[in-house]
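Q: I would like to learn how to read a few features of a structure, going step by step from single side chains to strands. Could you take me through them with the model in view?

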Amino acid sequence: MFKAWLLSKDEGKFHAALRDVDEQDLPDGDVLVQVLHSSINYKDALALTDSAPVVRRWPMVPGIDGAGVVLRSSHPGWKPGDRWILNGWGVGETHWGCLAQRASLQGDWLVPLPECFDTRQAMILGTAGYTAMLCVQAVARHGVAAGDGDVLVTGATGGVGSVAVGLLARRGYRVVAATGKPAEAAYLDALGAAEVIDRATLSGPGKPLQKERWAAVVDSAGSHILANACAQTRWGGVVAACGLAQGMDFPTTVAPFILRNVTLSGVDSVMQPMAARQAAWAALAREVDTAQLERMAHDLPLSEALAAATRIMAGQALGRTVVSV
């Protein structure tokens with residue numbers, strides 16, 4: 001038996017509870033793993049609080065992130081004792097996830113844990129850090145270099161935003177952090193933000209074209225914030241969009257794209273090919289300041305996952321919530 005958060009619906013009524021689960025109830029997988037650390041991402045918070053239809057199969061163990069060691073494997077690439085990271089692949093949505101002490105996974109989903117990280121550090125990063133790196137890579141791939149102008153990061157005190165601020169600053173970009181938590185300006189300064197602005201300046205309806213401000217944008221908000229960010233992006237700039245914290249809608253026009261040559265680059269972390277995942281984690285291993293990771297980290301035991309999810313949905317989270325399993 002092992003402990004796991006189990007989500008269920010009984011006659012339409014939602015239940016979330018930390019329960020004892022028998023190993024024989026695990027879904028099919030060619031690798032049995034011990035989960036040492038997980039994390040609470042926005043998607044996990046949605047699932048744990050039943051705030052959106054994230055879960056597509058019931059019952060479900062949530063947890064889109066995990067890191068730990070292999071216990072048993074029939075996959076040729078993995079053997080007992082190997083250290084691994086998991087991000088996405090529908091885990092926590094259609095396949096039991098990692099807010100549990102054990103998981104049965106597919107070896108093709110796992111990335112080797114870089115030697116410079118322990119499992120806790122890997123989950124301070126987690127899907128948020130991996131997604132932030134994909135966004136930073138999209139900015140660089142588009143040709144925006146340090147010195148080309150300000151780079152806006154929205155949702156800057158959240159997981160993706162926090163890591164993106166740190167990564168961009170270490171690459172030499174001048175980062176402008178947008179947040180609804182002005183009291184956390186010192187936190188963003190410590191991560192490398194050159195300027196902090198109130199997200200209220202971006203969160204309402206705006207004109208299709210506005211004053212050009214940003215050489216690039218990393219956006220995890222969507223909705224009006226994304227629309228205004230696009231409207232303020234300079235000619236030839238790029239907007240890497242990876243989230244929907246404000247909303248799934250996108251109330252804008254084609255004007256920024258056809259009049260200013262702005263590129264909107266969508267970033268999906270769930271189904272990235274393995275080569276892209278490994279490249280992102282290798283870049284994180286080279287570039288992450290482990291001292292900054294500690295500034296982002298909020299540790300809690302598995303039993304407090306639901307409470308943490310509730311805080312995230314209330315907009316009270318800062319940085320990354322790491323779960324010791």
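Q: Is W281 buried or exposed?

A: This is a predicted model, and the word to use follows from the relative accessible area, where buried means under 20%. W281 has a relative accessible area of 1%, so W281 is buried.

Q: How many aromatic pairs does the structure hold?

A: The structure holds two aromatic pairs. In one of them F14 and W58 meet edge-to-face, with 6.2 Å centre to centre and 75 degrees between the planes. Because F14 lies in strand β2 and W58 in the loop between α1 and β4, this pair ties together parts that are 44 residues apart in sequence. W58 is partly exposed, at a relative accessible area of 34%. The pair of F117 and W281 is also edge-to-face, with 6.4 Å centre to centre and 75 degrees between the planes; F117 sits in the loop between β7 and α2 and W281 in helix α7, 164 residues apart. F117 is buried, with a relative accessible area of 2%.

Q: In which sense do strands β3 and β4 pair?

A: In a regular strand the side chains alternate between the two faces of the sheet. Strands β3 (residues 31-40) and β4 (residues 65-73) pair in the antiparallel sense over six bridges, and A67 in β4 is the bridge partner of H37. On β5 (residues 83-87), which runs antiparallel to β4 and is joined to β4 by five bridges, I85 stands opposite A67.

Q: Which residues make the nonpolar surface patch of about 380 Å²?

A: The patch is made by L209, V254, I258 and L259. L209 belongs to the loop between β10 and β11, and is partly exposed, with a relative accessible area of 30%.

Methods. Residues are numbered from 1 along each chain as its sequence is written. This is a predicted model: local features need pLDDT of at least 70, side-chain atom pairs count only at pLDDT 80 or more; totals for chains, interfaces and linings use all residues. Side-chain values use heavy atoms; hydrogens and water are left out. Patches are made of residues with over 30% relative accessible area and no salt bridge: like charges are joined within 9 Å, nonpolar side chains (Val, Leu, Ile, Met, Phe, Trp, Tyr) within 5 Å. Accessible areas come from the Shrake-Rupley method with a 1.4 Å probe; for residues, only the protein chains shown count as cover. A salt bridge is a side-chain nitrogen of Lys or Arg within 4 Å of a carboxyl oxygen of Asp or Glu. Helices (H or I, at least four residues) and strands (E, at least two) are DSSP runs, numbered from the N terminus. Buried means under 20% relative accessible area, exposed over 50%, partly exposed in between (1.4 Å probe, protein chains only). Two strands pair if DSSP finds at least two bridges between them. Rings of Phe, Tyr and Trp (its six-membered ring) pair if their centres lie within 6.5 Å; planes under 30 degrees apart count as stacked, over 60 as edge-to-face and the rest as tilted.
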